[in-house]
Amino acid sequence: MSRDPADHYHAIIIGGGLGGLVAGANLSRHGKRVLLIEQHGVVGGCATAFKRKEYSVEASLHMIDGLDALDSKRPILEELGVFESVEFVRVPELYRFVDPKTDIVIPASAEEARAVLVSRFPAEARGIDAFFARLAGIGMELARLPQAKWKQTVLFPLFPLLYPNLVAGAKGTLGGLLDRIITDEELKLALTANVFYYHDDPYTLSLLYFALAQGSYYRGGGHFVKGGSQRLSDHLATVITRNGGTVLTGHEVTRILVENGRATGVRFRNKRGGEETQATARAVIANASVPSVVNDLLPQGAAPARFAEKVNRLRPAMSLLSLYLGFKTPPKQLGNRCYSTFVYDSVRNVREIGLKNHAAFEERPFVFVDYGQIDSGLAPAGKSLGVVTTPDYLSDWDALAPEDYKARKERVARILIGRLERLVPGIFDAIEYYEVATPKTLLRFTRNPHGTPYGFAQTPEQSGMKRIGARSPLPSLY
């Protein structure tokens, strides 16, 4: 049963993205009174889906990595009953990479991917082996990393000897690794094709961050939530309410309450109108962006000045532009053969990726995700859904007048559809629905600064143990 929001709670959670939902579901299952407040009309953050005509449009979550026995996500998903209520469909391959010189399908298995790559680039066999060895090494070392505060133990001086791959990964970048072990630029591009699922430039992307996620794909494959990621988010919200918690959508937190240096609750309001409401709790969990918490939700001066300064110095990650497409004829029938196809038709080498991600839309790398390649549950029989996604930035959109914004979205849609037609001839005539989501769209629905779905940029200086989220500025605020 749901409780009056004015009650005192064990935990109040600000934001109903996957992090907030998992925290709330886990706490409520263990008997804690939970109030989760989400400003959007549905829970999920970027893990949502929406209806357009006959289609369930997946907003963002193209694939989930791993889900194998070594995946750190699996235990909590099992505990929360996710696999009993949510169906995950295995994606056939990791991705297809296409540029003017190369067209290659990379399997979602390290062993199979190595075989394909060595067959295509036989002179680079040693470098390919080194690449997969580094990814596997980082994953294995993280799995056996004890949950200890290393700097407070006598073992800390031995850390570089016990965990050499983690140390190298934390200091290095993806581009740096590729340059050290591989000469062929086409191979480098093929290995880093899906880089903008993490960051916009291989030479500033933390090797540690890339290796953990990419290694998980190579170990356990990629998976799609059948019917769209909203089903995963809704299941987690149901766990909260089924165990006596409260989930409020369409409400926004306006202030975190602080007394005697501790977070004690929140003030919030219904976005449709009405007076603010106050609720108190033993703990406040912010599944909102850290800059928003520090600059907008905490009372002025509540966070230590050094903490606030550090937060505001950190570089935000890029955003994305998505072109959602409904097809009356599935692209699979037109000859498209892969779930994810990354197109680098104007990129000559890895060093150009960062520059091209800021170029005109005629030149930016993009991925075409064809949900019709699997039993996605997103479209009626005989039809299918797809999405074209490319790196983007709020600065390209936020100063436009409404009519200019609408016109530019249409121009970009036409450019991307034209490029997609070159990849899959005949696809233009198969489209019966399309819609563009920009960084401005992401900003509106997630409230993330700069419209980024990724938070802070995962550079070596901002990832791993250096992530700001490792500490909180106040007791009882998480």
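Reader: Which residues do ring pairs link into a cluster?

Author: In this predicted model, ring pairs join Phe-131, Phe-132, Tyr-198, Tyr-209, Phe-210 and Tyr-218 into a cluster. Across the whole structure, a search finds 17 aromatic pairs.

Reader: How should the geometry of the pair formed by Phe-131 and Phe-132 be read, and why is the pair edge-to-face?

Author: Planes over 60 degrees apart count as edge-to-face. For Phe-131 and Phe-132 the planes stand at 85°, with ring centres 5.3 Å apart, so this pair is edge-to-face. Phe-131 and Phe-132 are both buried. Another edge-to-face pair is formed by Tyr-198 and Phe-210, at 5.6 Å centre to centre and 90° between the planes. This pair links distant parts of the chain: Tyr-198 lies in the loop between helix H9 (185–191) and H10, and Phe-210 lies in helix H10, twelve residues apart. Tyr-198 and Phe-210 are each buried.

Reader: What does Phe-131 touch, leaving aside residues up to four places away in sequence?

Author: Its contacts are Leu-174, Leu-177, Leu-178, Ile-181, Leu-191, Phe-210 and Tyr-218.

Reader: How many residues does the largest nonpolar core have, and which have the most contacts inside it?

Author: As a general idea, nonpolar side chains in soluble globular proteins tend to be buried together. Here the largest nonpolar core has 67 residues, and Leu-117, Phe-131, Tyr-218 and Tyr-344 have the most contacts inside it. Helix H10 (residues 207–220) supplies the largest share of this core, seven residues. A second, separate core has 26 residues, including Ile-14, Ala-263, Ala-303 and Leu-477.

Reader: Where does the charged end of Arg-408 sit?

Author: The charged end of Arg-408 is over the ring of Trp-397, 4.5 Å from its centre. Arg-364 lies over the face of Phe-361, at 4.0 Å from the ring centre.

Note on methods. Residues numbered from 1 in each chain as written. Predicted model: local features only at pLDDT ≥ 70, side-chain atom pairs only at ≥ 80, totals over all residues. Heavy atoms only, no water. Core = buried A, V, L, I, M, F, W, Y, C linked by side-chain atoms within 4.5 Å. Buried < 20%, exposed > 50% of the residue type's maximum accessible area, 1.4 Å probe, protein only. Helix = DSSP H or I, 4+ residues; strand = E, 2+ residues; numbered from the N terminus. Contact = heavy atoms within 4.5 Å. Phe/Tyr/Trp six-rings, centres within 6.5 Å; stacked < 30°, edge-to-face > 60°. Lys NZ or Arg CZ within 6 Å of the ring centre and 35° of its normal.
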